[in-house]
Each structure stands twice: as C-alpha cells, then as structure tokens.
Amino acid sequence: MKNFFEVLEELYKKVLLGATLEHDSQDYIFYLNPAFSEQDGSTAPFSECSHTVGLQGERQPSSVNLATSSVAPVRLKSPSPMSSAHEIKLLQLTVIKVLVTRILAVETVFLAKEKYKEIVKILLESADIDSKLTCMFQNQDKLLAHMAANCLALLLYFQLKEKIPLSNSWIAFCQKTLSEYSESNKVVYCLWTLTAVMKEIFKDTCSQKTEILKQFLTPFDSIFEGFYNSLFSQHFESHQDTSKTVNSLLCSLEMLELLTASRIHLELHCTCQRIFFLKPSCVLDVITWPIQAFVKKKFIIFVKKCLLWKLGEDLCRGSVPPIRPPDRHLEGDMLALADAVLRAVALGLLRTLPIHGKPSCFGGGELQPGREQVAGPDHVILRAASLLILKSLEIKFQNGASVTEMQVDLQGFMSELLTFLKPHLQPSLQSHNPCEWLSRVFIEQDDDMLEAAKASMGIYLTLTRKCEATESLTQEKELWNHHTHENGYNPHCIFLFFLKSVGFDSTVLLDFLISSETCFLEYFVRYLKLLQKDWDEFFTICKYFDVTESNGSITVCGRISSLVPDRRSHQVGLRPLAALGSHRTAHTLASGASDASSEPPTQVVMSKGTQVTLQANHLSPPQASQSLVDYDSSDDSDVESTGLCLANGEQTSLYQEAMQGIQDTVGTSGDKKEHNLELQSRPPVPKEFTTPVSVDCAIAPESIVSEVEMSYKAIQCFDELQGAVSRLQKKNLFPYNPTALLKLLKQIEAIYNKSMKPL
C-alpha cells in the first residue's frame, strides 16, 4: 500500500480539480478520518498515526491508486519517514475542506459532486468527526486549531443544506462552552465556528436561508444572552492575559453584527437577535475600557451601523435582501439604544475615543528612520462619533420628547460635539459658520455625510413642528434662527455647504440620484419640501454667504437675524435687491397654487419594467412603507423618508446606461430645443447686482460677490439637474419614475422666478 501521505496528496489533487473519484467511498474514509489522541498537540510519528487510525474501526483498503495522468502537477512537500501526526492532520483537514467547497460550488460536475457528498455523509455518520475537530480547538498549534474550526464550520453548513440533523455532541459542546465562559481558545474558536456558519448562510442565494438560519440558531437562542452578559460585565483591568479577552470581544462583536443583520433582512423572531438592544450599555462600556484603539474603533462603528440600520450589506453574495418590515420591538429597541448612547456621551464617552491613531504607511506600519511622522485625527472616529450623536438625537426627538427637553438636549449635546471636533479641524471652526462642521468632517465619505445631513434635517423638522404647535416658534423667531446656527444644524447652511463641496455640479447630484448607495434621494426630497416653505430664510442665508465670503470667511451665526426685520435696510452696507420685498408674496402665491393643484399620490413605476420601492420612515430608518407619494400632497409627509431599493442586477445595468447618457443631457445644447425645461422666465443676473458695493471694511471691487450669486448658483444647479433628469426619463434611462421629484424642482423654480420679478 502506498505511503499514507502520498495517498492523501493524490486525493487532494483530484478533488481540487473537481475530478470524479472511482474507488469505494469507505476507502477514502480511512484516509480522511483524523487520528485522535488524549494530547492532541503531540507529535506522534507517522507509524503511530497510521496505527491509531487503523484502531478506530475503519477497514483498511486493500489497494488504492489515485494517480492519474490527467491530474495537474500540484506539488506538495512530501513528509519524511518520521513525519508527525500534526502534518497528516493538516492535510486531512485540507482535503475535507476542499471536498465540502467542491460540493457547494456550482461548477462541479454532477457525478463528482454526488461522490463527494457520499464520502462526507459517511464521514459524518461513522467517524464522530465533530468531536475530534472540537478537541483540536485546544491545540497549542494555532494553525491546526484554525483549520479545525474552518473545516467544522463547512461541515455544519453542509449538514444544514442537506437537511442532516446537527450532532448532539457538538450542540452540547457549544452550549457548555458559552454558558461557562472562560478565557480560553476554546471559546474563541467556538464563536468563530458559529459566525463562519452564519456567514455562509448569508452568502447563500437559496430561498430557504431564513429556515436554515433559524434551525441553526434555535439551540443557542437562550445561551447567547447569558454569554453576552458574562463577557461584557467583566473588568478588563483585572485580566492577566488580555489578548484572549480581546479575541473573545472581537468574535463576540462579529456575532452581534450577524445577529442584528439577520434581524434586518430575515424574519426569524429569535430573542438572540435583540441581545445588543436589550443591554446596549454593555457594548458602549467597552469603548471606555483601557483597550487597544482598533478594538474601540470596531465597537463604535458597530454602534453607528446599528443606529443607521445598515448591517449585513457586505455579507450577501449577489443582491442584498430587502429590509423587512419592522418588528413590534424595533421602535422601543432603537429608542433604548439612542438613550444609552446619549447617556454615555453625557458621561464622557467622547473623551475616551482614540482620535490620534497611528498613521497608515504603505508597505508597513513603521516610518523609515529620518522621516517625519505627521500625526492627524482619525476621521473614521470623528464621523462615527458625530453620527452617533445626530442619529440618537433624531430617534429620541421623534419618539415623543417635549420641546423643552429637545432644546436642552440639542444645546448640550451639539455644543459638546462641536467642542470635541474643533481641535481636530483645521482651520478651526471658530472663525467659520458652525454649520460647516458637517461637510468638513464627512467630506471623504458621501454615504455618511448624507446620513448626517438627513439626521440633522430630521432634528430640525421635528423641533420646528413641535414649536409651531405650541406657537413658540413665531414668538421667538430670531432666537430660534440663532440657535440653529449656533448649534450647527441649520438645514439651509448644511445644504449650501454641501453644494459648495461638489462645486454646484448638477452631474454629481444626478449621480447621487441614480445610485442607491446613499440616501441622497430621501434627503434631497425632504430638503426641497422644506425649501418651499422656508424660501425667505434660504434667501437670507444666501445673502450672508455672499457677503461674508467676499470677506474671506463665513460668520452667519449671530448676524442673520439682524436682517430679518427689515429686508431693505442699508445698515449692512449692501445694495438692496429691487425684488427682495416680494419674496414672501411670491412664496405665498406659489404655495397656494401648489395646494390648489395638489394631485393624488403618484405610484412609482420603474422604467424597463423594474419596480422600485421608496421606504418612508416616520420614526427611524428601519420603519418603512413601500410607496412614494406625490411629495407635496400631504403636510405630514415632512417626516417621511424615502429610501431607494432597487433590484441589484437591473439597477446596475440601468445605472450604466444612465451614466452613458449623462454627456448627452448635461452641458450640451442640442437637446435644449427639444425639451422645454429650462428656466423660462428667469432673467440673467442683473448688471446692477454686480456693481461694486461698500461694506464696513475696504474691499477690492473685484472681490465683491453679487447678492444673488449663491441663490442663483443653487437654482441654476437645480435647473440643470431638472433638465438632465427629464431627458434621461424621456430616453427611458432613469432607473425609477422621477415625476414627483421633477414637480418639486419646478415649484422651486417658480418661487425663484417670482421672487426675482421687480416690485
């Protein structure tokens, strides 16, 4: 008979290529069944390994010749005559892993796949493979322990796919290991195995993944909560070997993320899916521990994802499963999480964050001798901390907080956030409009920036609506305007800074509208609706942007209210607009026309047969309804959210087609005669507005900016966007029906045109 290692080597070659195995399955089991000893890490010689295997009850094959001329020359290092059992085990585990991988692969030939299945099923039934692999978890050799966990995870997933009951011995092992938490590698590899199986289930494209995951989690539903409490209630400083605790924390965090992601995308109704939300303070406490910076970073990013309800998107193969309707506990769970975050911030959470991380270096983490290390803030942490506060405030305010409580919380938490950010933003925010903080912190991350802007607007709209209900907003208008700027959440300033950051480029906005990777559609719709009602405030802010930018800085806070009582005042040193006094009248007329001609809700139909659902969130991102209404048909729709959910394959093709058509729709004049969507009645910037004016300090005439420049550039951007979207729609290249969006843009255009008419 051939050398044991040589037979395994030939078997590995054939399975790696997906070749059909000709011999009896029992012959292969003899070579695949790992040897077991009391001291699993011992280095027994090859003869002892072979003897041990033979004693395990497996019949030894009389002749197995796996060599074949068609096998590619895969070279493995052959063992010496005194090879250890350790090397044999590694090769056995590798062959088992490749066997299961080949079974799961679509491209494997049917006959070969059936043979592989037969071998694995016999191995599971007769070799007690689960117990042998779990025993290897305690092996001092980390490679062997990791291979055992990897191999066991694939075998468990194979059993779930083939509807084979899981081993009772393995279930009992996991239950005991998690319920009797101790600092050992056994806990880490147990968690790693569980998470690896869950990841494979998420990647599966079959329609039964919900049933498969529920079958897998049911035996551990009650165990996870006890383990969670034990792990996160310990005192990190008291541990002698903190590396094992860190490993346990990271594996547990991955498990929490998978459980929460399953709650978002799959309907399981398991208690373990709510573990984090039942006691969120346990995870938040880890961020305050004297632990490595990368661990804190992972935990704060996890909490941010939970607040945004964005977990599991990178786990799925192919299209991401749609977010399912919220369960009955979700509203209370999100509120509990938001309250826990705000309590932690009040207790000093921001002061414990690792802001100045070690800079990343290409090719390693160390700088060459003589090189100067330039330390800078970790913007990932800055963005995560900012979103934590904004989303928590938004969720709390939308769940019944009083006006007084909201104002106190806004003043306290936003002041603390801005104080936390100022030292890390250069130039400092002290000489700028505080609302600029958002675009500067999030400039490198579009999706987070739009989430933050949307949350900020949600805070503004909720507080405005409650103040209007109590008539306190009208009585304290100037104080209210000052408050929104001072605390950095004025929606008009934030939107104008956003437009400035993209250079007032309508193609960027078009890209955001077409893509479903950000919440821009939802944010943009809500802002346009606000702009209809709050045009006067928008125009006033635009004026101060123009004036203060001409001085080289933007200092809106504390100065905007001075212009509101008398729009024609010359005290600010500016030449007044001839039509400035007509803004309110024009806005009233436009609003009246809008109300009089309101239409019933318009159902969205995807072009080319693709359907789109826009999720309306009243309380938080998870709570969604599946329709898009006519945006100006309801006053209550101010608090709606409209998230874009598109089928992945169709959206990708539509996106590519749309982007190919952008050059034909933006910046060209050939189609302008064909489409009557430009600003019909808007006059060019009047010559008189470009006349040099006198401000309090001496300014060179060429540095003066027109009073209407900021508002004109914003409306011009809207106009170009409107034309581009219309043309794409007519060419059937837009991925959803933008009729309602175009209607909003036209209404903003009408308000602007009327405000520009002479008195």
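**Exercise 1.** Which helices do the buried residues of α8 pack against? Work on the predicted model and establish where α8 has its buried and exposed residues.

*Solution.*

Step 1. Check the helix itself. Helix α8 runs over residues 168-179, and its 12 residues should span 16 Å at 1.5 Å a residue; the end C-alpha atoms lie 16 Å apart, so the two values agree.

Step 2. Pick out the residues with under 20% relative accessible area. In α8, the buried residues are Trp 170, Ile 171, Phe 173, Cys 174, Thr 177 and Leu 178.

Step 3. Place them around the axis. Because these residues cover an arc of only 160°, they sit on the same side of α8. Asn 168 and Lys 176, on the other side of α8, are exposed.

Step 4. List the partners. The buried residues of α8 pack against α6 (129-135), α7 (142-161), α9 (185-203), α10 (209-217) and α11.

**Exercise 2.** Find how many cavities of 30 Å³ or more the model has, and describe the lining of the largest cavity.

*Solution.*

Step 1. Count. There are eight cavities of 30 Å³ or more, and the largest cavity holds about 80 Å³ of space.

Step 2. Name the lining. The largest cavity is lined by Leu 191, Phe 224, Phe 227, Tyr 228, Phe 232, Ser 252, Met 255, Leu 256, Leu 259 and Ile 275.

Step 3. Assign the lining to elements. Two or more lining residues come from each of α11 (221-232) and α12 (242-265).

Step 4. Classify by residue type. The lining of the largest cavity has nine nonpolar residues, one polar residue and no charged residues.

Conventions. Residues numbered from 1 in each chain as written. Predicted model: local features only at pLDDT ≥ 70, side-chain atom pairs only at ≥ 80, totals over all residues. Heavy atoms only, no water. 1 Å grid on protein atoms, 1.4 Å probe; cavity = no way out; pocket = protein on both sides within 12 Å on 5 of 7 lines; lining within 4 Å. Points joined across faces, edges and corners; volume = space filled by probe spheres on them. Helix = DSSP H or I, 4+ residues; strand = E, 2+ residues; numbered from the N terminus. Nonpolar A, V, L, I, M, F, W, Y, C, P; charged D, E, K, R; others polar. Expected span 1.5 Å × (residues − 1). Buried < 20%, exposed > 50% of the residue type's maximum accessible area, 1.4 Å probe, protein only. Arc of directions from axis to C-beta. Contact = heavy atoms within 4.5 Å.
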